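Student: I have not met this structure before, and I would like to go through it slowly. Could we look at it together?

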Amino acid sequence: MALDKITILKFVGLLVGLLAKFTTGSIFVFSAYQDAIKYNFNYTQTEVELLSSMLNVGLGVGFIPGMFYDRFGPALTSGVGIVLSVPIYLLIWSTVKFTEFYSSRAWLMSLYFLMAGFGSVFTYMVALNTNVINFSDRHTGKIIGLLNAFFAGSPSVFATVFYRFFTSGVSTDPANQDFAGERLC
C-alpha cells in the first residue's frame, strides 16, 4: 500500500516536530553546567538560580506564541521563534568569551536566559500545534506523548554530551568543566 503525498508530508512534519521538541528540551540541561557558570563568572548561588528561573519564566509565557500561532499560523510563528532564539543563543554563547564583562552583569545574562526561554516556547508551540492539527483526533494522545517524550528526554542526552565532551577529570568539579568548548578546538 503506497502512502499518498499528504501522509508523507504529515510524517515529515512529525519528524521536524520531534527534532524541534528535542532541541527545545535542551534548556532543561541548565543544572549540568550551572556550577561552571557560577565558577567562571564568579556568580552567587542566587544569581545562578536567577538565570535558571528566567528560562522557566520565558517558557511560562507560552500563551503569547499560542495566540500568535492562532492568528498568523505555523510558518510566521516559526520565523519569530528563529528571529528571537538565534541571536539570543549567540549572545549566551558569546558570554564565555567575555567573562570579565559578564561577571558583574548577571542581570544582563538573566535577560538573555529569559529571551532564550521565550524564543524556545515559539518552537515548542509550532511543533505541538501543527502535529496535533495534522493527525486525526484519535491519534492526538499518541502524537502529544511522542512529542513530549522527545522534549522531556532530550536533557539527559544533552547532559551526557556535556559530561562526555566538555569535562575532564572529576566532572562535577566546575574547574574541570569546559562549557566554552575551548578544549574541543
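**Core and helix**

Tutor: This is a predicted model, in which local features need pLDDT of at least 70 and side-chain atom pairs count only at pLDDT 80 or more, while totals for chains, interfaces and linings use all residues. Residues are numbered from 1 along each chain as its sequence is written, and side-chain values use heavy atoms, with hydrogens and water left out.

Student: Which residues does Met109 touch, not counting residues up to four places away in sequence?

Tutor: Contact here means heavy atoms within 4.5 Å. With residues up to four places away in sequence set aside, Met109 touches Ile37, Phe41, Tyr43, Leu51 and Thr95.

Student: Which element gives the most to the largest nonpolar core?

Tutor: A nonpolar core is a set of buried Ala, Val, Leu, Ile, Met, Phe, Trp, Tyr and Cys residues joined through side-chain atoms within 4.5 Å, where buried means under 20% relative accessible area, exposed over 50% and partly exposed in between (1.4 Å probe, protein chains only). The largest such core has 23 residues, and Met109 is among those with the most contacts inside it. Two or more residues come from each of α2 (30-41), α3 (45-60), α4 (63-94) and α6 (106-134), helices being DSSP runs of H or I with at least four residues, numbered from the N terminus. The element that gives the most, with nine residues, is α6.

Student: Within what arc do the buried residues of α3 fall, seen down its axis?

Tutor: The buried residues of α3 are Val48, Leu51, Met54, Leu55, Gly58 and Leu59, and what covers them includes α2 and α6. The arc is taken from the directions from the helix axis to the C-beta atoms. These buried residues line one face of the helix, because they fall within an arc of 140°.
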